[in-house]
Amino acid sequence: MVRNIKVSNVNGYGIYLQQYCSAVNCEAHDNLTYGIRTGSFSGVSNCVASGNGADGITVGDAVSVSNCVSYGNTVNGFSLNGRSGRLFSSTAYDNATGVYL
């Protein structure tokens with residue numbers, strides 16, 4: 001788990017988590033590609049992603065995303081790229097696409 005991490009201006013992914021990991025109270029801004037990216041069976045909660053060069057928050061299979069904000073990203077605000085993903089109580093604005101399932 002990562003908690004209370006702020007990452008910006010990285011020449012790649014801001015925060016990249018493997019399977020079974022969680023991001024809580026994190027911020028990822030102005031990174032070259034994804035703000036926050038997780039593998040399967042993970043969680044993202046109370047996070048903010050903005051101004052990233054690809055998706056703000058993108059997740060794998062069976063991931064829960066809750067209470068997050070994703071804005072001003074080049075591609076998707078939230079991208080749930082697997083099966084059984086869940087998105088709750090979150091906000092997306094000023095992205096190319098708000099939510100991609």
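Student: In what order do the strands of the open sheet of 5 strands stand?

Tutor: The model is predicted, and its open sheet is built from 5 strands. These strands pair in the parallel sense. Read across the sheet, the order is β2-β5-β8-β11-β14.

Student: Which strands stand at the edges of this sheet, and why is one side of each left without a neighbour?

Tutor: A strand with a single partner strand has no neighbour in the sheet on its other side, so it stands at an edge. This applies to the strand of residues 6-8 and to the strand of residues 91-93. The edge strands are therefore β2 and β14.

Student: What does the twist average from one strand to the next?

Tutor: The twist is taken from each strand to the next in the sheet with the order β2-β5-β8-β11-β14. Its average is 5°.

Student: Which residue of β11 is the bridge partner of Ala49?

Tutor: Strands of a sheet pair through backbone hydrogen bonds, either parallel or antiparallel. Here β8 (residues 48-50) and β11 (residues 69-71) run parallel and are joined by 3 bridges. In β11, the partner of Ala49 is Ser70.

Student: Is His29 buried or exposed?

Tutor: His29 lies in strand β5, which spans residues 27-29. Its relative accessible area is 17%, and the cut-off for a buried residue is under 20%. His29 is therefore buried.

Student: With which side chain does the side chain of His29 make a polar contact of 2.4 Å?

Tutor: The side chain of His29 has a polar contact of 3.1 Å with the side chain of Glu27. Leaving aside neighbours within four places in sequence, His29 is in contact with Val7, Ser8, Asn9, Val48, Ser50 and Asn52. The polar contact of 2.4 Å is with the side chain of Ser50.

Student: How many residues does the largest nonpolar core have?

Tutor: Among the residues with the most contacts inside this core are Ile36, Val44 and Cys47. Strands β3 (15-17), β9 (57-59) and β12 (76-80) each supply at least two of its residues. Cys47 also touches Ala23, Val24, Asn25, Cys26, Ile36, Asn67, Cys68 and Val69, not counting residues up to four places away in sequence. The number of residues in the core is 17.

Student: Why is β12 largely enclosed by the rest of the structure, and how many of its residues are buried?

Tutor: A strand is enclosed when its residues are buried, and β12 is largely enclosed for this reason. The number of buried residues in β12 is 5 of the 5.

Student: Which residue of β15 does Ser79 stand opposite?

Tutor: Strand β12 pairs with β9 in the parallel sense over 3 bridges, and in that pairing Val59 has Leu80 as its partner in β12. Strand β12 is also joined by 3 bridges to β15 (residues 97-100), and these two run parallel. The residue of β15 opposite Ser79 is Tyr100.

Student: How many aromatic pairs are found in the whole structure, and is the pair of Tyr13 and Tyr34 stacked or tilted?

Tutor: A search of the whole structure finds 4 aromatic pairs. In one of them, the ring centres of Tyr13 and Tyr34 are 5.3 Å apart. This pair links the loop between β2 and β3 to the loop between β5 and β6, with the two positions 21 residues apart in sequence numbering. The planes stand at 35°, so the pair is tilted.

Student: Are the rings of Tyr20 and Phe41 stacked or tilted?

Tutor: Tyr20 is in the loop between β3 and β4 (22-24), and Phe41 is in the loop between β6 and β7 (43-45). Tyr20 is exposed at 60% relative accessible area, whereas Phe41 is partly exposed at 43%. The ring centres are 5.2 Å apart and the planes are at 15°, so the pair is stacked.

Student: What is the phi of Ser84, and is this residue buried or exposed?

Tutor: Ser84 is in the loop between β12 and β13 (86-88). Ser84 is not a glycine, yet its phi is positive, at about 65°. Its relative accessible area is 57%, and Ser84 is therefore exposed.

Definitions and conventions:
Residues are numbered from 1 along each chain as its sequence is written. This is a predicted model: local features need pLDDT of at least 70, side-chain atom pairs count only at pLDDT 80 or more; totals for chains, interfaces and linings use all residues. Side-chain values use heavy atoms; hydrogens and water are left out. Two strands pair if DSSP finds at least two bridges between them. Helices (H or I, at least four residues) and strands (E, at least two) are DSSP runs, numbered from the N terminus. Axes are lines fitted to C-alpha atoms, for helices over the stretch in contact, and angles run from 0 to 180 degrees between N-to-C directions. A nonpolar core is a set of buried Ala, Val, Leu, Ile, Met, Phe, Trp, Tyr and Cys residues joined through side-chain atoms within 4.5 Å. Buried means under 20% relative accessible area, exposed over 50%, partly exposed in between (1.4 Å probe, protein chains only). Contact means heavy atoms within 4.5 Å. A polar contact is a pair of N or O atoms within 3.5 Å; within protein, one must be able to donate a hydrogen and the other to accept it, and residues adjacent in sequence count only if both atoms are side-chain atoms. Rings of Phe, Tyr and Trp (its six-membered ring) pair if their centres lie within 6.5 Å; planes under 30 degrees apart count as stacked, over 60 as edge-to-face and the rest as tilted.
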